Amino acid sequence: MQAEVKWIDEFKFLGHSQSGHSVVMDGNGGASAPSPMEMVLMAAGGCSSVDVVDGLKQANQAVSTCVAKLTTERRDSAPRIFTKVNIHFEVSGEALDPQVVAQVAADSLTKYCSVCLMLGEGVEMTHSWEIV
């Protein structure tokens, strides 16, 4: 996998993915686009959500929605890395089994989500879930 990030002006950067997609990032605290750290957080939420939805479908659960809400703690000084990340999954569907939801959410963070597993090497990764 490859990518390229090109400086546009001031603190704006344009990222190009190998698959041909582009995204603007703002290194000025996200004033005009997501900051790089926000992109990391959204990547973790997207990657883990794929696992949760796929896991529920594979378990024959009639999932209809999945929202991942991420909260973090960061170091106060540079480098301002995440020290803690929690992903709270809100899922809904017909007659969802709470044990299955709990298992697929846990498995995402500990077995399947590439982004969370990378972050977990230096960040306390936790999850929670609810059926709504």
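Asp107 is buried in this predicted model, its relative accessible area being 13%, and yet this residue takes part in a salt bridge with Lys111, in which the closest N and O atoms are 3.9 Å apart. Lys111, by contrast, is exposed, with a relative accessible area of 51%. Both residues belong to helix 2, where they are 4 residues apart, about one turn of the helix. Side chains of opposite charge can pair when their charged atoms come close.

The structure holds 2 salt bridges, and another pairing to consider is that of Glu90 with Lys69, whose closest N and O atoms are 3.3 Å apart. Because Glu90 lies in strand 5 and Lys69 in strand 4, this pair ties together parts that are 21 residues apart in sequence. The acidic partner, Glu90, is buried at a relative accessible area of 18%, which falls under the 20% cut-off for that class, while Lys69 counts as partly exposed at 43% relative accessibility.

Strands 4 and 5 also matter for reading helix 1, which runs over residues 36-58. This helix has 23 residues and reaches 33 Å from its first C-alpha to its last, a span close to the 33 Å expected at 1.5 Å a residue. Its buried residues are Leu41, Ala44, Gly45, Ser48, Ser49, Asp51, Val52, Gly55 and Leu56, and what covers them includes strand 4 (62-74) and strand 5 (82-94), together with helix 2 (98-112) and helix 3 (114-119). After helix 1 comes Asn60, whose phi is positive, near 60 degrees.

From helix 1 the reader can pass to the nonpolar interior. In soluble globular proteins, nonpolar side chains tend to be buried together. Here the largest nonpolar core has 22 residues, and those with the most contacts inside it are Leu56, Val85, Ile87, Cys116 and Met125. The elements that give two or more residues to this core are helix 1, strand 5, helix 2 and helix 3. Leu56, one of the residues with the most contacts in the core, is also among the buried residues of helix 1.

Which residues does Cys116 touch, if those up to four places away in sequence are not counted? They are Ala44, Ser48, Ile87, Leu109 and Met125. Two of these partners, Ala44 and Ser48, are among the buried residues of helix 1, whereas Ile87 and Met125 are, like Cys116, among the residues with the most contacts inside the largest nonpolar core.

Notes: Residues are numbered from 1 along each chain as its sequence is written. This is a predicted model: local features need pLDDT of at least 70, side-chain atom pairs count only at pLDDT 80 or more; totals for chains, interfaces and linings use all residues. Side-chain values use heavy atoms; hydrogens and water are left out. The expected span of a helix is 1.5 Å times one less than its number of residues. Buried means under 20% relative accessible area, exposed over 50%, partly exposed in between (1.4 Å probe, protein chains only). Contact means heavy atoms within 4.5 Å. A nonpolar core is a set of buried Ala, Val, Leu, Ile, Met, Phe, Trp, Tyr and Cys residues joined through side-chain atoms within 4.5 Å. A salt bridge is a side-chain nitrogen of Lys or Arg within 4 Å of a carboxyl oxygen of Asp or Glu.
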